[in-house]
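Reader: I should be grateful for a close look at a single part of this model, namely the helical packing, followed outward into the surroundings. Please state as well how much confidence each region deserves.

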Amino acid sequence: MTTTTSASQGNTGADERPMIELKGLNKWYGDFHVLRDINLSVRKGERIVICGPSGSGKSTMIRCINHLEEHQEGDIVVNGMPLTQDIKQIEAIRRNVGMVFQHFNLFPHLTVLENCCLAPIWVQKRPRREAEAEAMKYLERVRIADQAHKFPGQLSGGQQQRVAIARSLCLSPEVMLFDEPTSALDPEMIKEVLDVMVELANEGMTMLCVTHEMGFAKTVADRVIFMDQGQIIEENAPEPFFNNPQSERTQLFLSQILGH
Amino acid sequence: MSIEKTLSRVTEKMIDSRPAPSDSIGAVAWLRTNLFAGPINTLFTLFALYLVYLLVVPSLQWALIDASWSGTSREDCTGEGACWVFISARLDQFIYGFYPSEETWRVDIVFAVFAALIAWLAIPKLPAKGWVAIVTLAVFPFIAYFLLHGGSFGLEIVGTHEWGGLMLTLVLAVVGIVAALPLGILLALGRRSEMPIVKSICVVFIEFWRGVPLITVLFMASVMLPLFVPGEVNLDKLVRALIGITLFQSAYMAEVVRGGLQAIPKGQTEAGMALGLGYWRNMGLIVLPQALKLMIPGIVNTFIALFKDTSLVLIIGLFDLLAIVQAGLADPKWLGYSIEGYAFVALVFWVFCFSMSRYSQYLERLLHTGHKKR
């Protein structure tokens, strides 16, 4: 049973054209139908939290947006650019979409600063000085500028994830995707990363966040989406979502995740 | 109340650090734990020392103490020791092969320049390695070719059939190594590619060249390559050997590279892709730098094997170090000194191979400093 209630008014009154649009998205892993008829529309500046049991396809869905996973049916349009098989198109979209991974995926052979400068220098072709200055600004924003010359292996998990966020921001993307950014962190480090994400949200970044941190969803999200078995079961603004879930499956999931 | 007393414990006084007991550190302690730990251990140690005495002392006696070192002919070999005169008298031939003796200065220059370039690249503190690498790969080969082969700048031509000895071994090994590594990397990337044609070509290439012995490859290169080349071009025998060796080695190198690439987590490539880096930038900036560090033992292993395999060119009539020494042993003036000859060859090979091995261990230690595991 699918219940969709239209999202409550989001952040600023932005463009009419959606920032991200998923229409009739279907994906199979071999024979396994992992994403079933996904329809989603994200406006500029909107903050979306996606939750659901594991295996529900949440990560797969956002990885389809920047083509880390390939979809077999349906359309994906990012900032007016349709996602096709054309590599130029794919790379253009990837430059516009930043991604933060559960396991950080920092480049261990480069310093923190070099990690952040890599893409601006090689993708945007900016001179090194300029790229480094810009990278230092973002590193200051995530409050890790003093570690700029260390290697990722010398940092804690929370610090690494903040570097990862800064690294994605250095390309000035329009959209940020977060794939369970705090799931691999020790509890005392989750807060520092969430704080950075909240600040980012408050500055108007369009965000899609797969997470189990419901506190974050309540504080920051414009819409919360619940997925199960490859489908969007329910989506709503945080208040009605948490206080009055419509679908049984949503209720079951919320009771499990908010219970302890 | 009594339960509280038994369950709780508070340490009031911090213990200062003390030095370890004197009989647990130091040389005597090491000997005691490692060599003389118990009766059986001690017995083995004494037996091993006895074996060393039986084997090493006579060898040193023969090789160093009773040996004759200088002279010009076999009459200078007095005593029962080794006759190193054989080596010192023919050393020029062992090093330069049949290269005319008035022109050997050219070989010396090439060796010296090469050694200097390699030293510059090998010593970590020296700067501008990028430029030196470019010079070594792009400029030096031409310099080396013009000097060794001659034909321009007023230098007399010395054909490759006159090259031999240690010089030829080094030419074969260096060219083989330098050419096989990039080719091997490309083959490994191709084998991991998702494009079916590229992948099949690479798989066939690798499995073919790995499946035939190097001797066969050298024969084939010597006999078959001229068939593939237009009539007027007469491929030099050395060039044919180099092509065969390079293709053969690149197949081995490809598998070593592939092993290293497999060890890099997929997340690294994904992070690169998410940042908008294309395939080649991803490989060159993110994956290969990390993978190459892991591949060092495998690569150096392959290099060392190649260095020694170059001796097989004897089969197609090229005289590398081993063959030149063998030819010297067949000289009637120097019969009976085969032990000295082969020992010399073994020593030279060992020095080169061991140096490569030590350098690779040094490189591994160096490259790990920035890459601490989480």
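Author: A residue is called buried here when its relative accessible area is under 20%. The model is a predicted one, and its overall scores are an ipTM of 0.87 and a pTM of 0.79.

With that cut-off, helix 3 of chain A, residues 112–122, is largely enclosed by the rest of the structure, because 9 of its 11 residues are buried. The buried residues of helix 3 of chain A are A:Val112, A:Leu113, A:Asn115, A:Cys116, A:Cys117, A:Leu118, A:Ala119, A:Pro120 and A:Ile121. Which elements cover the buried residues of helix 3 of chain A? The cover includes helix 4 (128–141) and helix 5 (157–169) of chain A, together with helix 13 of chain B. The cover of this helix thus includes an element of the other chain.

Helix 13 of chain B leads to the packing within chain B. Two packed helices are described by the angle between their axes and the distance between the axes. The axes of helix 8 of chain B and helix 13 (residues 279–309) of chain B cross at roughly 140° and come within 10 Å. This angle makes helix 8 of chain B oblique to helix 13 of chain B, and their crossing is right-handed. On the side of helix 8 of chain B, the residues that meet helix 13 of chain B include B:Thr169, B:Leu170, B:Ala173, B:Gly176 and B:Ile177. Their counterparts in helix 13 of chain B include B:Tyr279, B:Trp280, B:Met283, B:Phe303 and B:Phe307.

Helix 8 of chain B also packs against helix 11 of chain B, at an angle of about 45° with the axes 5 Å apart. These two helices are therefore oblique to each other, and the crossing of helix 8 of chain B and helix 11 of chain B is right-handed.

A third pair in chain B is formed by helix 6 (residues 104–122) and helix 7, whose axes lie 10 Å apart at an angle of about 170°. That angle makes helix 6 of chain B roughly antiparallel to helix 7 of chain B. From helix 6 of chain B, the residues in this contact include B:Val107, B:Val110, B:Phe114, B:Leu117 and B:Trp120. From helix 7 of chain B they include B:Val132, B:Thr136, B:Phe140, B:Ala144 and B:His149.

The loop between helix 7 (129–149) and helix 8 (165–191) of chain B holds B:Gly159. Is B:Gly159 buried or exposed? With a relative accessible area of 13%, B:Gly159 is buried, since the limit is 20%. The C-alpha atom of B:Gly159 is separated by 6.3 Å from that of B:His149, 10 residues away along the chain.

The nonpolar cores complete this picture. In the largest nonpolar core, which has 95 residues, those with the most contacts inside it are A:Leu22, A:Ile50, A:Leu208 and B:Trp163. Helix 11 (residues 237–262) of chain B gives the most to this core, with 10 residues. A second core, separate from it, has 52 residues, among them A:Val49, A:Leu106, A:Met205 and A:Met214. Leaving aside neighbours within four places in sequence, the contacts of A:Ile50 include A:Lys58, A:Met61, A:Ile62 and A:Leu208.

Some of these partners belong to helix 1 of chain A, where A:Lys58, A:Met61 and A:Ile62 are among the buried residues. This helix, residues 58–65, is mostly covered, with 7 of its 8 residues buried. Just after helix 1 of chain A, A:His67 takes a positive phi of about 60°. A:Asn79, which is not a glycine, likewise has a positive phi, of about 55°. A:Asn79 is found in the loop between strand 5 (73–78) and strand 6 (81–82) of chain A, and with a relative accessible area of 19% it is buried.

Confidence remains to be stated. Chain A averages a pLDDT of 89, and 93% of its residues score at least 70. Over residues 1–14 of chain A, however, the pLDDT is below 50, although this stretch has 27 contacts in the model beyond near neighbours in sequence. Where pLDDT is low, the predicted coordinates should not be read in detail. Chain B has a mean pLDDT of 85, with 96% of its residues at 70 or more. Among the elements of chain B, the lowest mean pLDDT, 67, belongs to helix 1 (residues 2–7) and the highest, 95, to helix 9 (residues 196–211).

Terms used: Residues numbered from 1 in each chain as written. Chains lettered and ligands numbered in written order. Predicted model: local features only at pLDDT ≥ 70, side-chain atom pairs only at ≥ 80, totals over all residues. Heavy atoms only, no water. pLDDT = per-residue confidence, 0-100. Helix = DSSP H or I, 4+ residues; strand = E, 2+ residues; numbered from the N terminus. Core = buried A, V, L, I, M, F, W, Y, C linked by side-chain atoms within 4.5 Å. Buried < 20%, exposed > 50% of the residue type's maximum accessible area, 1.4 Å probe, protein only. Contact = heavy atoms within 4.5 Å. Axes fitted to C-alpha atoms, helices over the stretch in contact; angles between N-to-C directions. Parallel < 35°, antiparallel > 145°, perpendicular 65-115°, else oblique. Left-handed = near helix turned anticlockwise from the far one by under 90°.
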